[in-house]
Amino acid sequence: MTTIKNQRPLARRLRATLGKVGRILFLASAVLFAVVPILWAVLTSLKSPPEVALYPPTFLPRDWTLENYRGAVFYNDTFLHYLFNTAVIVVVTALICLVLSAHAAYSVARYRFRFSGGIMFAMFSTIMIPGVAIVIPLYMLSVKVGLYDTVLVLILVYGAWLTPTLVWLLRGFVIGIPIELEEAARIDGCSRLGAFYRVTLPLLRAGLLAGAVLIFANIWNEFLLGYSLVQSETARVVQVGIYANLTEVGVQWGRLTACAVTAMVPVLIVYALLQRAFVQGLSAGAVKG
Amino acid sequence: MTLIDLHDGDELMMVDRPRRRRIAAFPYLMLAPAFLLIAGVSFLPIGYAIVQSFFRSSNLNLGRLVGWQNYGDFFLTRNGLGAVANSLIFVAGTLAIAVPLGFALALALNRPMPLRGLIRTLLILPWLVSNLVGALLWGWLGNPQYGLAPYVLEKIGVGFPNIITDPGAAMASVVVASAWAATPLVMVFVLAALQTVPIDLIEAARIDGASPWQRFWSITLPLVRNTTMVALVLTSLHAFKSVEIVLVMTGGGPNGATETMALKVFKEAFTLLRLGVGSAGAVAIFLINVMFTMAFVRVLRTEHGA
């Protein structure tokens with residue numbers, strides 16, 4: 001009995017230590033796997049062009065320089081214009097999308113009406129349409145109606161693309177708000193719409209924030225539709241701008257990685273500021289992604 | 001009285017007809033703008049794609065009716081069946097790495113430890129990077145001429161095949177890039193589910209003498225299985241429709257060895273300008289998505305019923 005008592009804690013402690021070491025090693029290698037591609041691009045972007053083309057490669061830059069950023073980003077009006085385009089599209093789409101989907105979410109969360117089940121099913125089923133499945137008709141239709149190669153077509157397409165997911169997300173938030181609050185407002189003389197604007201909408205803030213983050217992350221990182229529906233540099237978005245650099249003859253990896261790192265920064269900043277809303281929004285949007 | 005009762009209330013209809021009509025219209029009016037946008041920009045195109053898939057397009061017009069020929073062309077010419085196989089390998093490979101890895105990371109992170117928040121953030125980073133940039137990062141890391149990966153691996157004695165010219169290595173590299181991007185989603189989903197597992201339950205099992213393995217197998221796993229399934233399905237759908245990773249890293253090469261269905265749709269439409277053939281592939285992708293989702297919903301439902 002006593003021997004068992006003496007041995008067991010030792011074996012258990014040994015196993016616990018081994019488990020701990022194993023876990024640390026596992027997490028460390030996973031972190032390396034996640035971070036190394038990003039880190040390598042950041043380091044590349046900080047090297048001078050001749051150093052980028054060295055083999056064997058240097059790990060840390062010999063002379064740290066912002067030359068690539070100056071040439072490819074800060075003093076490159078075209079790339080700045082792509083960033084500006086993308087920002088405008090994000091803001092306008094977010095406004096349209098949030099307004100439309102807040103109303104729609106309220107409607108499907110609070111009312112059961114004729115065809116409501118069918119309409120909801122049809123709307124949510126579009127979440128399952130992958131971009132690549134409708135990119136060809138969108139291209140053809142946008143040429144026909146004269147919206148091809150404009151910022152407007154991207155706003156419309158991104159709006160329709162993200163609205164169902166947002167309705168789904170916000171519907172959950174509306175259901176979480178006690179209906180008694182609206183009833184109290186109604187008794188106090190509010191109209192239905194008034195009760196929605198004055199009582200429900202302010203309480204949806206967390207949901208609207210998660211929705212805004214979802215819109216931002218998805219549009220900022222979108223490539224396929226931005227590539228297919230826009231041709232000229234005037235309306236080009238940032239991901240397509242990066243791709244255009246990549247397909248140039250004789251890729252300049254220093255400049256290219258500088259552009260890629262720049263495109264990552266806004267998303268990282270928003271993530272740092274709004275982690276909770278970010279994960280919430282990205283998880284909801286993962287269906288669409 | 002709830003709002004739902006209000007609009008169903010027969011007594012209201014008797015008293016005040018016009019008012020009742022306004023009440024009935026209210027939910028429709030709230031829904032209409034969103035619905036119209038979705039109808040115009042989602043329903044219409046998918047319908048258009050289905051119609052176009054039976055016509056041979058010319059100059060952006062519908063063109064002439066060709067029946068199933070576009071489908072035949074998509075699947076049977078220019079390595080069509082190869083693209084189907086490549087899509088399968090790409091999706092299966094992504095799942096085979098991302099799901100176990102994401103799951104294991106969630107388990108490892110689901111206990112207090114120093115720097116936990118930082119580690120979690122670093123592991124989430126790939127989720128924040130666009131697929132296009134992610135592909136570019138991996139392409140640069142494995143670049144046969146200047147890349148860090150070939151250099152390091154050759155230094156430690158492991159050979160590194162050329163990811164542009166070697167078919168197997170090309171497929172492996174796009175799968176790794178795809179799994180890299182997909183792992184955080186699995187991790188975040190499973191971690192969220194793990195945090196809902198009641199600690200008392202695990203504690204009670206421990207006191208009753210259940211080994212860690214038994215506790216995991218009989219308590220934790222059943223409670224997070226549905227979430228894991230959801231993450232698995234999202235990951236497959238996402239990988240299946242992904243164009244960017246293959247487009248950027250290999251362009252479908254060498255010699256079609258990494259050309260997936262999604263990339264083939266893209267190329268048929270925007271490189272070869274065969275919009276009808278591309279539409280046929282697009283419709284096929286859409287239908288496979290729908291069937292996969294429906295099968296999955298059914299599985300989840302029967303599990304809930306059981």
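**A buried lysine and a shared interface**

Lys264(B) has a relative accessibility of 0%, so this residue counts as buried. Keep in mind that the model is a predicted one. Lys264(B) sits in helix α13 of chain B, which covers residues 261-270.

What does the side chain of Lys264(B) reach at 3.4 Å? The partner is the backbone oxygen of Thr77(B). Now look at the wider surroundings. Setting aside residues up to four places away in sequence, Lys264(B) touches Phe74(B), Thr77(B), Arg78(B), Gly80(B), Ala83(B) and Glu259(B).

Next, turn to chain A. Thr262(A) belongs to helix α13 of that chain, residues 253-273. Buried or exposed? Thr262(A) has a relative accessible area of 16%. The cut-off for buried is under 20%, so Thr262(A) is buried. Beyond its neighbours within four places in sequence, Thr262(A) is in contact with Tyr69(A), Val73(A), Phe79(A) and Leu83(A).

Stay in chain A and find helix α5, residues 116-125. Its buried residues are Ser116(A), Ile119(A), Met120(A), Met123(A) and Phe124(A). Viewed down the axis of α5(A), the buried residues fall within an arc of 120°, so they line one face of the helix. A general rule helps here. An α-helix has 3.6 residues a turn, so residues three or four places apart point the same way.

Move on to helix α6 of chain A, residues 131-144, where Val132(A) is found. Val132(A) is buried, because its relative accessibility is 2%. Which residues does Val132(A) touch, not counting residues up to four places away in sequence? One is Leu224(A). The others are in chain B: Lys241(B), Val243(B), Ala262(B), Val265(B), Ala282(B) and Ile285(B). For a sense of distance, compare Val132(A) with Ala258(A). These two are 126 residues apart in sequence and 28 Å apart in space, C-alpha to C-alpha.

Val132(A) leads us to the interface between the chains. Here 90 residues of chain B are in contact with 90 residues of chain A. Together the two chains bury about 8,600 Å², and 80% of that is on carbon and sulfur atoms. Helix α3 of chain B, residues 17-52, gives the most to chain B's side, with 21 residues. By class, the side of chain B that touches chain A has 68 nonpolar, 16 polar and six charged residues.

How many salt bridges does the rule find across the interface of chain B and chain A? The count is zero. Polar contacts do occur there: the rule finds 10 residue pairs, both residues at pLDDT 80 or more.

Notes. Residues are numbered from 1 along each chain as its sequence is written. Chains are lettered from A and ligands numbered from 1 in the order in which they are written. This is a predicted model: local features need pLDDT of at least 70, side-chain atom pairs count only at pLDDT 80 or more; totals for chains, interfaces and linings use all residues. Side-chain values use heavy atoms; hydrogens and water are left out. Contact means heavy atoms within 4.5 Å. Buried area is the accessible area (1.4 Å probe) that two parts lose on being put together, summed over both. A salt bridge is a side-chain nitrogen of Lys or Arg within 4 Å of a carboxyl oxygen of Asp or Glu. A polar contact is a pair of N or O atoms within 3.5 Å; within protein, one must be able to donate a hydrogen and the other to accept it, and residues adjacent in sequence count only if both atoms are side-chain atoms. Helices (H or I, at least four residues) and strands (E, at least two) are DSSP runs, numbered from the N terminus. Ala, Val, Leu, Ile, Met, Phe, Trp, Tyr, Cys and Pro count as nonpolar, Asp, Glu, Lys and Arg as charged, and the others, Gly among them, as polar. Buried means under 20% relative accessible area, exposed over 50%, partly exposed in between (1.4 Å probe, protein chains only). The arc is that of the directions from the helix axis to the C-beta atoms.
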